[in-house]
Amino acid sequence: MARTRSNSSLADDLMVELVRAGPVPLHRQIEASLRDAIRAGRLRPGTSLPPSRVVAGDLGVSRGVVVEAYQQLVAEGYLTSRPGGYTQVASGAAPAPARKAVVPAPSPPVLKIDFGYGRADVSHFPRAAWLRSLRTVLTEAPSDRFGYLSGHGMPELRVALADYLNRARGTAATPDSVVITNGYAQGITLVIRALAAAGARRIVVEDPSPDDDAQPLARAAGLDVVGVPVGDAGICVDLLDRTPADAAVLTPSHQWPTGGVLSADARAGVLRWAARYGAMVVEDDYDAEYRYDRAPVGAMQGLDPDRVIYAGTVSKTLAPGLRIGWLVLPRHLVDAVAAAKRLADRGSPALDQLAFADFLSRGEFDRHLRRMRPLYRARRDALLAALTARTPELEVVGVAAGQHLVAWLPDDLDESTVVTTAAERGVGVYGVGPYRLNGSGRGGLIFGYATLSERAMGEGVAMLAEAIEAVRRSSR
């Protein structure tokens, strides 16, 4: 393509360069050159442009091409023109502010092995069994099940869940007390809104505890959030006794992240606290089905259904992508929470609810858990063996359950330094510190093992041991 560049002062000053045989029309090229010059400040507001015939002669184009370019820029507000007068740069066409140079953030270290937690091994999702349930409900479900229903959820799923939870988790659920949600995140959102609407002003959470669900939601609803420390067996009930509040969010069957389990006496103490202050207890039963050294401890909800809100989900057992969760609620909260659910999204997907109801009723959920327990236990055992062999200074705590464990660091190792050094060497481990409300406490590391092979865990712990040694050398 032949390029033509005029030797005129206008072309030189404004860097007008025309591509004669290109796909962009000549008047568009002139517009772009003038527009860029105005934006860059080379043509300031009030500056007069040469007459169109002069520019046309300088650039070797017809006068109509230049007139068309001028008219377009007038229409856009870059130029002003009046009959018999000069065409000028408009007073409002100020140069664009100079952009600050953007310094790219440093790239995070590339992790070769990641002990990330909160993940189920979805590669073992029972696709064939789930497909059978989908086919069954598509064939047999009444047509009205695919319309708008109440916020409580599908009747079939509420019946199946009440039966399963009473049998497997020791709850005192009825179908009328169950509300289906899109996972735990929506469930705790609905509960906190209902509690706040009923007059709640203060909520207790475990310290440490997750910081991405109950805490920000409670603060957004105007509630004060108070952290009560956790001991080896869960929340310290003696400290809870001295903490008036309207609700408490607990993980009594497997405290997250430390792994403790509330004893029978401690559970009774929590319920006495709730009765004394007229408070509700939200029981987050996130992974209690995975207990490896004994049968899972039953849910607190069965001890006091009028004081305990039970929350469950398939995120740690089947797959988080299903977005299926449930609440078992005291009678006085059921309708309020169901109404909030209906207002939020008109109800969870009908087909998924019906499929899960069939999946539960046919015993497929129980079979899936029986297949996964030995797999997760073997991975946990492999991680423990590697930690014992390569990092004996770490103190593993918590019961044999779930999909993660915590190991306390010795006093001479700083948590954040170990985490950072390990990441630099390609292994992802995570500190307990970010989940503490009061900002102080013993340093510890969280290891997720649900998605790692035994070989990968051994290699990852070896890399961690090298990182710990590097931290110690640098501090000498």
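## A walk from glutamate 283 to the sheet of β16

In this predicted model, glutamate 283 makes a good starting point: setting aside neighbours within four places in sequence, glutamate 283 is in contact with Leu250, Pro252, Ser253, Ala299, Met300, Gln301, Val308, Ile309, Tyr310 and Ala311. Keep Val308, Ile309, Tyr310 and Ala311 from that list in mind, for we will meet them again shortly.

Where does glutamate 283 sit? Its place is in strand β12, which covers residues 280-284. This glutamate is buried, yet it has no salt bridge. The nearest side chain of opposite charge belongs to arginine 267, and the gap is 4.7 Å. A salt bridge would need a side-chain nitrogen of Lys or Arg within 4 Å of a carboxyl oxygen, so the pair with arginine 267, at 4.7 Å, does not count as one. The side chain of glutamate 283 does reach another partner, though: the backbone nitrogen of glutamine 301, at 2.9 Å.

Now step across to the next strand. β12 and β13 pair in the parallel sense, over 4 bridges. Which residue of β13 is the bridge partner of glutamate 283? It is tyrosine 310, one of the contacts named at the start.

Strand β13 runs over residues 308-313 and is mostly covered, with 6 of its 6 residues buried. Look along the strand and you can sort its residues by direction: Val308, Tyr310 and Gly312 point one way, while Ile309, Ala311 and Thr313 point the other way. Both groups are buried. β13 also has a partner in strand β14 (residues 325-328); 4 bridges join these two strands, which run antiparallel. Within that pairing, threonine 313 has glycine 325 of β14 as its bridge partner.

Further along the chain there is another sheet to explore. This one is an open sheet of 4 strands in the order β15-β16-β19-β18, and its pairing is antiparallel. Its edge strands are β15 (395-397) and β18 (430-431), each of which pairs on one side only. Helix α13, residues 364-390, packs on this sheet and touches β15, β16 and β19. The direction of helix α13 makes about 15 degrees with that of β16.

Strand β16 deserves a closer look. Is β16 mostly covered or mostly open? It is mostly covered: 5 of its 5 residues are buried. His404, Val406 and Trp408 point one way from the strand, and Leu405 and Ala407 point the other way.

On one side, β16 is joined to β15 by 3 bridges, the two strands running antiparallel. Glutamate 395 has tryptophan 408 as its bridge partner in β16. The hairpin of β15 and β16 has 6 residues between the strands, and there glycine 398 takes a positive phi near 95 degrees.

β16 (residues 404-408) also pairs with β19 (residues 444-448), in the antiparallel sense, over 5 bridges. Histidine 404 has glycine 448 as its bridge partner in β19, and valine 406 stands opposite isoleucine 446 of that strand.

For a contrast with these buried strands, finish at aspartate 265, which lies in helix α10 (residues 264-277). Is aspartate 265 buried or exposed? With a relative accessible area of 65%, aspartate 265 is exposed, because the cut-off for that word is over 50%. Its C-alpha atom is separated by 36 Å from that of leucine 452, a residue 187 places away along the chain.

Conventions
Residues are numbered from 1 along each chain as its sequence is written. This is a predicted model: local features need pLDDT of at least 70, side-chain atom pairs count only at pLDDT 80 or more; totals for chains, interfaces and linings use all residues. Side-chain values use heavy atoms; hydrogens and water are left out. Buried means under 20% relative accessible area, exposed over 50%, partly exposed in between (1.4 Å probe, protein chains only). Lys and Arg count as positive and Asp and Glu as negative; His and the chain ends are not counted. A polar contact is a pair of N or O atoms within 3.5 Å; within protein, one must be able to donate a hydrogen and the other to accept it, and residues adjacent in sequence count only if both atoms are side-chain atoms. Contact means heavy atoms within 4.5 Å. Two strands pair if DSSP finds at least two bridges between them. Axes are lines fitted to C-alpha atoms, for helices over the stretch in contact, and angles run from 0 to 180 degrees between N-to-C directions.
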